[in-house]
Amino acid sequence: MKALVLAGGSGTRLRPITHTSAKQLVPVANKPVLFYGLESIAAAGIAEIGIVVGDSHAEIEAAVGDGSAFGVQVTYLRQTAPLGLAHAVLIARDYLGDDDFVMYLGDNFVVGGINEIVSSFTAERPDAQIMLTRVGDPRQFGVAELDHAGRVVGLEEKPAAPKSDLALVGVYLFSPAIHEAVAELKPSWRGELEITDAIQWLIDDGRRVESTPITGYWKDTGNVEDMLEVNRLVLESLEPRLLGTSTGSELIGRVVVEADATVENSRIVGPAVIGSGARVSDSYVGPFTSIGADCVISHSEIEYSIVLARSSIEGVGRIESSLIGHDVQVTPAPNTPRAHRLVLGDHSKVQISS
């Protein structure tokens, strides 16, 4: 069995972060979300992984390398445009050959890994196996319809009138039969080759499609709110450790201070992680916060946030529920008549308390 990991999307819902960084490399607890998926695939005993990449291919290739850090062998497959999940299968046809494969969306986060579903697929050998979870607004997802016996009888992509609240999780298992289905597809109303249409083709052709309800936690980390929620979840599993230095400070609960990081005259309430080379001084870092490598937090307060590498927050009041990119500087405004001074990139979002 091989794996096909999709890492070619543009990440429009995470702009402006993704104008300069691949969405799959935005960190959760200071580790790119893509790495969690690669680790899950390796843990399931799959050693060959094809990664579908787009415009951000250079950044992803630099981060993942040849896969040896994960105990796998990685092959990169270029996708000129994000034309749908089934299009990724189409361009990976030669790489996949006649092997079974797992398709894993690189910005998805699944707690508990995929060992169980891989073992089930290997033992039962259906033509396709999908993972399902109940969601509040199924219009944002691919949706499955089951009959009274629990068999998959229909699939729709982002339907206006969903027939169920069962959304497809971003992990799929396929036999080579999926290639027949993909070859028959036409672009949907979104202009994409939909994987839901391919699975529907299998159903209509009398092929065997199984579904498995997800038992753990799953998130599509496509927006800021979901990134922060996944960051919170991962941080809750931290084991405290002090590899850097702490002087005149209070570290409460599950706090990780990485090597070469310094905490001075500050209060850190876990779960929280302070990245390598970061410096926190005269500040408060609250629960569910990840401070990236080589950041500076000085005379400030921050909670329930993600701060990416090399950013500085100095002399400001309380910051919370925020995603702050690489090399950002956050400083107080000058003592001028009350006003907000902003320099914002395209697609930015600002919330101001007047």
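The protein chain of this predicted model exposes about 16,400 Å², and carbon and sulfur atoms supply 47% of that area. Of its 354 residues, 51% are buried. The secondary structure comprises nine helices and 30 strands. As for contacts between residues at least 6 apart in sequence, 50% of them join residues at least 24 apart.

With that overall picture in place, let us turn to the backbone. Most residues other than glycine have a negative phi, and most peptide bonds are trans. Three places in this chain are worth a visit with that in mind.

Start at the peptide bond from Gly270 to Pro271, which is cis, with omega near 5°. Pro271 sits in the loop that runs between β19 (267–269) and β20 (272–274).

The next stop is Lys158, a residue other than glycine whose phi is positive, near 45°. Look for Lys158 in the loop between β10 (152–157) and β11 (166–174). Is Lys158 buried or partly exposed? Its relative accessibility is 30%, and because partly exposed covers the range from 20% to 50%, Lys158 counts as partly exposed.

Last comes His299, which is not a glycine either, yet has a positive phi of about 50°. The loop that holds His299 lies between β24 (296–298) and β25 (301–303).

Here are the two positive phi values side by side, each with its loop.

| Residue | Phi | Loop between |
|---|---|---|
| Lys158 | near 45° | β10 (152–157) and β11 (166–174) |
| His299 | about 50° | β24 (296–298) and β25 (301–303) |

Note on methods. Residues numbered from 1 in each chain as written. Predicted model: local features only at pLDDT ≥ 70, side-chain atom pairs only at ≥ 80, totals over all residues. Heavy atoms only, no water. Helix = DSSP H or I, 4+ residues; strand = E, 2+ residues; numbered from the N terminus. Buried < 20%, exposed > 50% of the residue type's maximum accessible area, 1.4 Å probe, protein only. Contact = heavy atoms within 4.5 Å. Areas by Shrake-Rupley, 256 points an atom, 1.4 Å probe, with all protein chains shown as cover.
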